[in-house]
Amino acid sequence: MSKIKKIAVFTSGGDAPGMNACIRAVVRTTLYFGGEVAGIKQGYQGMIDDNIVELDRHSVSNIMQLGGTILKTARCLAFRTEEGMETAYQNLKKHQIDALVAIGGDGTFTGAERFSAKYDIPVICVPGTIDNDLYGSDFTLGFDTATNTVIEAIDKIRDTAESHDRLFFIEVMGRDAGSIALRAGIAGGAEAIMLPEKDTGIQDLIHKLEEGAAKKKSSSIVIVAEGDKNGGAFAVAKKVKEKFDFYDTKVTILGHLQRGGSPSSFDRILGSRMGFAAVKALLNNENRKMVGLRSNEIVLTDLREALTEHEFKLEEDLLEMSTILA
Ligand code: F6P
(Lines give C-alpha, C1' and ligand atoms only; values in the text may rest on other atoms or scores of the structure.)
Protein backbone atom coordinates (compact mmCIF):
# COMPACT_ATOMS: atom_id res chain seq x y z
CA MET A 1 0.00 0.00 0.00
CA SER A 2 1.20 3.53 -0.71
CA LYS A 3 0.56 6.34 1.81
CA ILE A 4 -3.08 5.49 1.37
CA LYS A 5 -4.23 3.17 4.13
CA LYS A 6 -8.02 3.39 4.04
CA ILE A 7 -10.30 3.81 1.02
CA ALA A 8 -14.03 4.56 1.10
CA VAL A 9 -16.35 3.69 -1.77
CA PHE A 10 -19.79 5.15 -2.52
CA THR A 11 -22.46 5.30 -5.19
CA SER A 12 -24.13 8.52 -6.23
CA GLY A 13 -26.78 9.72 -8.70
CA GLY A 14 -29.07 7.30 -10.53
CA ASP A 15 -28.34 3.66 -9.67
CA ALA A 16 -27.08 1.37 -12.43
CA PRO A 17 -26.72 -2.43 -12.80
CA GLY A 18 -23.09 -3.42 -12.20
CA MET A 19 -22.51 -0.98 -9.34
CA ASN A 20 -22.41 -3.88 -6.90
CA ALA A 21 -19.78 -5.67 -8.99
CA CYS A 22 -17.72 -2.50 -8.83
CA ILE A 23 -18.17 -2.11 -5.05
CA ARG A 24 -17.15 -5.75 -4.60
CA ALA A 25 -13.97 -5.21 -6.67
CA VAL A 26 -13.04 -2.05 -4.74
CA VAL A 27 -13.44 -3.82 -1.38
CA ARG A 28 -11.56 -6.98 -2.27
CA THR A 29 -8.75 -5.21 -4.18
CA THR A 30 -8.15 -2.80 -1.29
CA LEU A 31 -8.05 -5.63 1.25
CA TYR A 32 -5.75 -7.67 -1.02
CA PHE A 33 -3.19 -4.84 -1.02
CA GLY A 34 -3.32 -4.61 2.78
CA GLY A 35 -5.64 -1.64 3.13
CA GLU A 36 -8.86 -1.02 4.99
CA VAL A 37 -12.13 -0.13 3.29
CA ALA A 38 -15.34 1.61 4.26
CA GLY A 39 -18.67 2.09 2.51
CA ILE A 40 -20.49 5.41 2.49
CA LYS A 41 -24.26 4.89 2.34
CA GLN A 42 -26.44 7.14 0.16
CA GLY A 43 -23.63 8.90 -1.66
CA TYR A 44 -22.61 12.43 -0.69
CA GLN A 45 -25.60 12.68 1.67
CA GLY A 46 -24.19 9.79 3.68
CA MET A 47 -20.77 11.47 3.76
CA ILE A 48 -22.46 14.52 5.35
CA ASP A 49 -24.66 12.43 7.67
CA ASP A 50 -21.71 10.25 8.75
CA ASN A 51 -23.51 7.21 7.37
CA ILE A 52 -20.24 5.31 6.98
CA VAL A 53 -19.70 1.59 7.64
CA GLU A 54 -16.60 -0.59 7.78
CA LEU A 55 -16.53 -3.28 5.07
CA ASP A 56 -14.79 -6.66 4.82
CA ARG A 57 -14.65 -9.48 2.28
CA HIS A 58 -17.96 -10.90 3.46
CA SER A 59 -19.74 -7.55 3.20
CA VAL A 60 -19.65 -8.03 -0.57
CA SER A 61 -20.39 -11.77 -0.81
CA ASN A 62 -23.17 -12.83 -3.21
CA ILE A 63 -23.81 -9.35 -4.63
CA MET A 64 -22.33 -9.71 -8.14
CA GLN A 65 -25.72 -10.72 -9.52
CA LEU A 66 -27.71 -7.95 -7.80
CA GLY A 67 -28.91 -4.84 -9.59
CA GLY A 68 -29.02 -1.53 -7.76
CA THR A 69 -26.40 -0.71 -5.09
CA ILE A 70 -25.99 -2.21 -1.61
CA LEU A 71 -24.64 1.19 -0.50
CA LYS A 72 -27.79 2.93 -1.72
CA THR A 73 -27.54 6.25 -3.52
CA ALA A 74 -29.05 9.72 -3.40
CA ARG A 75 -28.83 13.09 -5.06
CA CYS A 76 -27.40 15.66 -2.62
CA LEU A 77 -27.70 19.45 -2.94
CA ALA A 78 -26.05 20.03 0.47
CA PHE A 79 -22.72 18.76 -0.89
CA ARG A 80 -22.65 21.75 -3.25
CA THR A 81 -22.24 24.07 -0.22
CA GLU A 82 -18.99 24.86 1.61
CA GLU A 83 -20.58 23.73 4.88
CA GLY A 84 -21.70 20.44 3.38
CA MET A 85 -18.25 19.66 2.02
CA GLU A 86 -16.57 20.66 5.29
CA THR A 87 -18.88 18.39 7.31
CA ALA A 88 -18.19 15.56 4.86
CA TYR A 89 -14.44 16.13 5.16
CA GLN A 90 -14.55 16.05 8.97
CA ASN A 91 -16.49 12.78 8.86
CA LEU A 92 -13.95 11.20 6.51
CA LYS A 93 -11.12 12.28 8.83
CA LYS A 94 -12.95 10.86 11.84
CA HIS A 95 -12.98 7.48 10.07
CA GLN A 96 -9.29 7.83 9.02
CA ILE A 97 -10.39 7.64 5.37
CA ASP A 98 -7.68 8.99 3.10
CA ALA A 99 -9.01 8.26 -0.40
CA LEU A 100 -12.31 7.82 -2.24
CA VAL A 101 -13.77 5.79 -5.10
CA ALA A 102 -16.88 7.55 -6.40
CA ILE A 103 -19.25 5.54 -8.65
CA GLY A 104 -21.77 7.68 -10.51
CA GLY A 105 -22.50 10.06 -13.37
CA ASP A 106 -21.47 13.59 -14.32
CA GLY A 107 -23.02 15.15 -11.21
CA THR A 108 -20.99 12.77 -9.05
CA PHE A 109 -17.85 13.63 -11.00
CA THR A 110 -18.40 17.37 -10.57
CA GLY A 111 -18.76 17.00 -6.80
CA ALA A 112 -15.69 14.74 -6.62
CA GLU A 113 -13.56 17.14 -8.65
CA ARG A 114 -14.44 20.11 -6.45
CA PHE A 115 -14.03 18.17 -3.19
CA SER A 116 -10.63 16.69 -4.00
CA ALA A 117 -9.39 20.08 -5.24
CA LYS A 118 -10.32 21.63 -1.88
CA TYR A 119 -9.27 18.86 0.50
CA ASP A 120 -6.31 16.44 0.69
CA ILE A 121 -8.47 13.45 -0.21
CA PRO A 122 -7.67 11.87 -3.61
CA VAL A 123 -10.66 10.65 -5.61
CA ILE A 124 -10.95 8.25 -8.53
CA CYS A 125 -14.33 8.15 -10.29
CA VAL A 126 -16.07 5.24 -11.99
CA PRO A 127 -18.60 6.14 -14.74
CA GLY A 128 -21.71 4.44 -13.32
CA THR A 129 -24.87 5.49 -15.13
CA ILE A 130 -27.21 3.79 -17.60
CA ASP A 131 -27.13 6.92 -19.80
CA ASN A 132 -23.73 6.23 -21.42
CA ASP A 133 -23.18 9.98 -21.72
CA LEU A 134 -19.69 10.43 -20.32
CA TYR A 135 -16.58 11.34 -22.29
CA GLY A 136 -13.65 9.13 -21.30
CA SER A 137 -15.29 5.74 -21.64
CA ASP A 138 -16.77 3.86 -24.58
CA PHE A 139 -19.37 2.49 -22.18
CA THR A 140 -20.63 3.50 -18.75
CA LEU A 141 -21.51 0.93 -16.12
CA GLY A 142 -25.13 -0.21 -16.43
CA PHE A 143 -25.66 0.89 -20.03
CA ASP A 144 -25.40 -2.63 -21.48
CA THR A 145 -27.90 -4.09 -19.01
CA ALA A 146 -30.34 -1.20 -19.50
CA THR A 147 -30.10 -1.57 -23.28
CA ASN A 148 -30.83 -5.30 -23.00
CA THR A 149 -33.84 -4.50 -20.80
CA VAL A 150 -35.19 -2.11 -23.44
CA ILE A 151 -34.62 -4.66 -26.21
CA GLU A 152 -36.59 -7.28 -24.27
CA ALA A 153 -39.41 -4.75 -23.85
CA ILE A 154 -39.40 -3.88 -27.57
CA ASP A 155 -39.63 -7.57 -28.47
CA LYS A 156 -42.63 -8.00 -26.15
CA ILE A 157 -44.38 -4.89 -27.45
CA ARG A 158 -43.77 -5.98 -31.03
CA ASP A 159 -45.79 -9.17 -30.36
CA THR A 160 -48.90 -7.21 -29.41
CA ALA A 161 -48.31 -4.46 -31.99
CA GLU A 162 -48.24 -7.10 -34.73
CA SER A 163 -51.31 -8.87 -33.31
CA HIS A 164 -53.37 -5.66 -33.31
CA ASP A 165 -51.86 -3.82 -36.31
CA ARG A 166 -50.76 -0.98 -34.07
CA LEU A 167 -48.13 1.79 -34.06
CA PHE A 168 -46.25 2.01 -30.72
CA PHE A 169 -44.18 4.92 -29.45
CA ILE A 170 -41.79 3.66 -26.74
CA GLU A 171 -40.02 6.22 -24.53
CA VAL A 172 -36.63 5.26 -23.10
CA MET A 173 -34.30 6.88 -20.54
CA GLY A 174 -30.96 8.52 -21.16
CA ARG A 175 -31.63 12.03 -19.91
CA ASP A 176 -30.08 14.27 -22.62
CA ALA A 177 -28.32 11.40 -24.40
CA GLY A 178 -29.64 9.03 -27.04
CA SER A 179 -27.27 6.09 -26.48
CA ILE A 180 -29.92 3.73 -25.10
CA ALA A 181 -32.46 4.73 -27.76
CA LEU A 182 -29.96 4.33 -30.60
CA ARG A 183 -28.59 0.90 -29.73
CA ALA A 184 -31.85 -0.56 -28.42
CA GLY A 185 -33.68 0.83 -31.45
CA ILE A 186 -31.26 -0.82 -33.87
CA ALA A 187 -31.16 -4.11 -31.95
CA GLY A 188 -34.93 -4.08 -31.54
CA GLY A 189 -35.52 -3.43 -35.23
CA ALA A 190 -37.44 -0.22 -34.60
CA GLU A 191 -38.86 1.53 -37.68
CA ALA A 192 -37.66 4.92 -36.39
CA ILE A 193 -35.53 6.30 -33.55
CA MET A 194 -35.95 9.85 -32.20
CA LEU A 195 -32.70 11.16 -30.68
CA PRO A 196 -31.72 14.36 -28.83
CA GLU A 197 -28.53 14.43 -30.93
CA LYS A 198 -30.40 14.36 -34.26
CA ASP A 199 -33.06 16.84 -35.29
CA THR A 200 -35.59 14.39 -36.79
CA GLY A 201 -38.70 16.41 -37.62
CA ILE A 202 -42.20 15.08 -37.19
CA GLN A 203 -42.76 15.33 -40.95
CA ASP A 204 -39.68 13.14 -41.59
CA LEU A 205 -41.05 10.59 -39.14
CA ILE A 206 -44.48 10.62 -40.77
CA HIS A 207 -42.86 10.16 -44.19
CA LYS A 208 -41.04 7.08 -42.88
CA LEU A 209 -44.26 5.65 -41.42
CA GLU A 210 -46.19 6.37 -44.63
CA GLU A 211 -43.57 4.44 -46.58
CA GLY A 212 -44.13 1.46 -44.31
CA ALA A 213 -47.90 1.69 -44.57
CA ALA A 214 -47.64 1.85 -48.37
CA LYS A 215 -45.66 -1.42 -48.23
CA LYS A 216 -48.53 -2.95 -46.21
CA LYS A 217 -46.54 -2.86 -42.95
CA SER A 218 -49.21 -3.85 -40.43
CA SER A 219 -47.45 -2.46 -37.34
CA SER A 220 -44.55 -0.17 -36.45
CA ILE A 221 -42.42 0.76 -33.45
CA VAL A 222 -40.85 4.19 -32.86
CA ILE A 223 -38.27 4.60 -30.09
CA VAL A 224 -38.30 8.06 -28.49
CA ALA A 225 -35.38 9.13 -26.30
CA GLU A 226 -36.78 11.05 -23.31
CA GLY A 227 -34.55 14.00 -24.23
CA ASP A 228 -35.81 14.24 -27.83
CA LYS A 229 -36.43 17.84 -28.88
CA ASN A 230 -39.96 17.08 -30.07
CA GLY A 231 -40.85 16.14 -26.49
CA GLY A 232 -41.39 12.67 -25.01
CA ALA A 233 -43.29 9.79 -26.55
CA PHE A 234 -46.75 11.19 -25.76
CA ALA A 235 -45.89 14.53 -27.42
CA VAL A 236 -44.44 12.83 -30.51
CA ALA A 237 -47.43 10.45 -30.80
CA LYS A 238 -49.86 13.38 -30.59
CA LYS A 239 -48.05 15.37 -33.26
CA VAL A 240 -47.90 12.35 -35.58
CA LYS A 241 -51.57 11.42 -35.02
CA GLU A 242 -52.69 14.90 -36.01
CA LYS A 243 -51.36 14.31 -39.54
CA PHE A 244 -51.14 10.52 -39.89
CA ASP A 245 -53.78 8.28 -38.33
CA PHE A 246 -53.36 5.19 -40.46
CA TYR A 247 -52.55 3.05 -37.40
CA ASP A 248 -54.21 2.62 -34.05
CA THR A 249 -51.54 4.32 -31.89
CA LYS A 250 -50.30 3.42 -28.39
CA VAL A 251 -47.59 4.85 -26.11
CA THR A 252 -45.40 2.98 -23.60
CA ILE A 253 -43.08 4.77 -21.15
CA LEU A 254 -40.50 2.22 -19.96
CA GLY A 255 -39.35 4.37 -17.04
CA HIS A 256 -37.39 3.02 -14.09
CA LEU A 257 -37.48 -0.64 -15.02
CA GLN A 258 -34.50 0.33 -17.21
CA ARG A 259 -32.50 0.96 -14.05
CA GLY A 260 -33.06 -2.43 -12.42
CA GLY A 261 -32.30 -6.03 -13.15
CA SER A 262 -29.40 -8.41 -12.72
CA PRO A 263 -26.31 -6.98 -14.48
CA SER A 264 -25.28 -8.47 -17.81
CA SER A 265 -21.98 -10.33 -18.06
CA PHE A 266 -20.54 -7.24 -19.75
CA ASP A 267 -21.50 -4.98 -16.85
CA ARG A 268 -20.29 -7.47 -14.23
CA ILE A 269 -16.86 -7.60 -15.89
CA LEU A 270 -16.83 -3.83 -16.59
CA GLY A 271 -17.72 -3.07 -12.97
CA SER A 272 -15.04 -5.43 -11.70
CA ARG A 273 -12.39 -4.04 -14.08
CA MET A 274 -13.17 -0.43 -13.20
CA GLY A 275 -13.30 -1.04 -9.44
CA PHE A 276 -9.99 -2.92 -9.56
CA ALA A 277 -8.38 -0.19 -11.69
CA ALA A 278 -9.70 2.60 -9.46
CA VAL A 279 -8.02 1.14 -6.36
CA LYS A 280 -4.76 0.56 -8.20
CA ALA A 281 -4.86 4.14 -9.48
CA LEU A 282 -5.21 5.45 -5.90
CA LEU A 283 -2.34 3.23 -4.74
CA ASN A 284 -0.28 4.72 -7.58
CA ASN A 285 -1.04 8.17 -6.15
CA GLU A 286 -3.39 9.16 -8.97
CA ASN A 287 -6.05 11.80 -8.17
CA ARG A 288 -9.02 13.53 -9.76
CA LYS A 289 -9.22 11.01 -12.57
CA MET A 290 -11.95 8.77 -14.01
CA VAL A 291 -11.38 5.21 -15.11
CA GLY A 292 -12.83 4.35 -18.49
CA LEU A 293 -12.93 1.62 -21.11
CA ARG A 294 -11.37 2.69 -24.41
CA SER A 295 -10.99 0.08 -27.19
CA ASN A 296 -11.24 -2.61 -24.53
CA GLU A 297 -8.41 -1.07 -22.47
CA ILE A 298 -8.91 0.55 -19.05
CA VAL A 299 -7.57 4.12 -19.21
CA LEU A 300 -7.48 7.15 -16.90
CA THR A 301 -8.82 10.58 -17.92
CA ASP A 302 -8.54 13.82 -15.93
CA LEU A 303 -11.91 14.63 -14.41
CA ARG A 304 -11.65 18.27 -15.46
CA GLU A 305 -10.96 17.24 -19.05
CA ALA A 306 -13.83 14.74 -19.03
CA LEU A 307 -16.25 17.30 -17.59
CA THR A 308 -15.32 20.43 -19.51
CA GLU A 309 -13.45 19.85 -22.75
CA HIS A 310 -15.32 17.06 -24.40
CA GLU A 311 -18.75 15.64 -24.83
CA PHE A 312 -19.80 12.08 -25.49
CA LYS A 313 -20.64 11.51 -29.17
CA LEU A 314 -22.85 8.83 -30.68
CA GLU A 315 -21.12 6.48 -33.11
CA GLU A 316 -21.42 7.85 -36.66
CA ASP A 317 -21.83 4.41 -38.26
CA LEU A 318 -24.68 3.52 -35.88
CA LEU A 319 -26.41 6.82 -36.67
CA GLU A 320 -26.12 6.22 -40.43
CA MET A 321 -27.12 2.56 -40.09
CA SER A 322 -30.17 3.32 -37.94
CA THR A 323 -32.10 4.91 -40.81
CA ILE A 324 -30.94 2.47 -43.50
CA LEU A 325 -31.60 -0.80 -41.71
CA ALA A 326 -34.97 0.14 -40.21
O1 F6P B 1 -29.27 9.32 -15.04
C2 F6P B 1 -29.95 8.09 -15.04
C3 F6P B 1 -31.44 8.33 -15.18
O4 F6P B 1 -32.09 7.10 -15.20
C5 F6P B 1 -31.82 9.10 -16.44
O6 F6P B 1 -31.80 8.30 -17.61
C7 F6P B 1 -33.20 9.57 -16.05
O8 F6P B 1 -33.65 10.67 -16.80
C9 F6P B 1 -32.98 9.95 -14.58
O10 F6P B 1 -31.94 9.11 -14.10
C11 F6P B 1 -34.21 9.77 -13.71
O12 F6P B 1 -33.86 10.28 -12.43
P13 F6P B 1 -34.67 9.81 -11.13
O14 F6P B 1 -34.32 8.38 -10.86
O15 F6P B 1 -34.17 10.74 -10.05
O16 F6P B 1 -36.13 9.98 -11.45
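Q: How many salt bridges does the structure hold, and what makes a pair of side chains a salt bridge?
A: The structure holds 15 salt bridges. The term asks for a side-chain nitrogen of Lys or Arg within 4 Å of a carboxyl oxygen of Asp or Glu. Please keep in mind that this is a predicted model, in which local features need pLDDT of at least 70, side-chain atom pairs count only at pLDDT 80 or more, and totals for chains, interfaces and linings use all residues. Residues are numbered from 1 along each chain as its sequence is written, and side-chain values use heavy atoms, with hydrogens and water left out.

Q: Why are Arg158 and Glu191 called a salt bridge?
A: Their side chains meet at 3.7 Å, N to O. That is within the 4 Å limit, so the pair counts.

Q: Why can Arg158 and Glu191 be said to tie together separate parts of the sequence?
A: Arg158 belongs to helix α5, while Glu191 is in the loop between α6 (179–187) and β7 (192–194), so the bridge spans parts that are 33 residues apart in sequence. Helices here are DSSP runs of H or I with at least four residues, strands are runs of E with at least two, and both are numbered from the N terminus.

Q: How do you know whether Arg158 and Glu191 are buried or exposed?
A: Relative accessible area decides: under 20% is buried, over 50% is exposed, and anything in between is partly exposed (1.4 Å probe, protein chains only). Glu191, at 9%, is therefore buried, whereas Arg158, with 24%, is partly exposed.

Q: What makes Lys289 a partner in salt bridges with Glu286 and Asp302?
A: The closest N and O atoms of Lys289 and Glu286 are 2.9 Å apart, and Lys289 meets Asp302 at 3.5 Å. Each value satisfies the 4 Å rule, so each pair qualifies. The link to Asp302 joins distant parts of the chain, from Lys289 in strand β10 (residues 289–294) to Asp302 in strand β11 (residues 297–302), 13 residues apart. Lys289 has 18% relative accessibility and so is buried; Glu286, with 25%, is partly exposed, and Asp302, with 37%, is partly exposed too.

Q: Why is the pair of Phe115 and Tyr119 called tilted?
A: Rings of Phe, Tyr and Trp (its six-membered ring) pair if their centres lie within 6.5 Å; planes under 30 degrees apart are stacked, over 60 edge-to-face, and the rest tilted. Here the centres are 5.0 Å apart and the planes are at 45°, so the pair is tilted. Phe115 and Tyr119 are buried, and they belong to one aromatic cluster with Phe10, Tyr44, Phe79 and Tyr89. By the ring rule, the count comes to 11 aromatic pairs.

Q: What makes Phe139 and Phe266 an edge-to-face pair?
A: The centres are 5.4 Å apart and the planes are at 85°. The distance is within 6.5 Å and the angle is over 60 degrees, so the pair is edge-to-face. Phe139 sits in the loop between β5 (123–127) and α5 (143–164), and Phe266 in helix α9, 127 residues apart.

Q: How do you know that the charged end of Arg294 sits over the ring of Tyr135?
A: The rule wants NZ of Lys or CZ of Arg within 6 Å of the ring centre and within 35 degrees of the ring normal. The charged end of Arg294 is 4.9 Å from the centre of the Tyr135 ring, and the pair is listed as sitting over the ring.

Q: Why does Gly255 count as buried?
A: Gly255 has 19% relative accessibility, so it counts as buried. Its place is in the loop between β9 (248–253) and α9 (265–283). Leaving aside neighbours within four places in sequence, Gly255 is in contact (heavy atoms within 4.5 Å) with Glu171 and Met173. The C-alpha atoms of Gly255 and Glu171 are separated by 7.7 Å, with their positions 84 residues apart along the chain.

Q: What is notable about the phi of Asp165?
A: Most residues other than glycine have a negative phi. Asp165 has a positive phi of about 50° although it is not a glycine. This residue lies in the loop between α5 and β6 (166–172).
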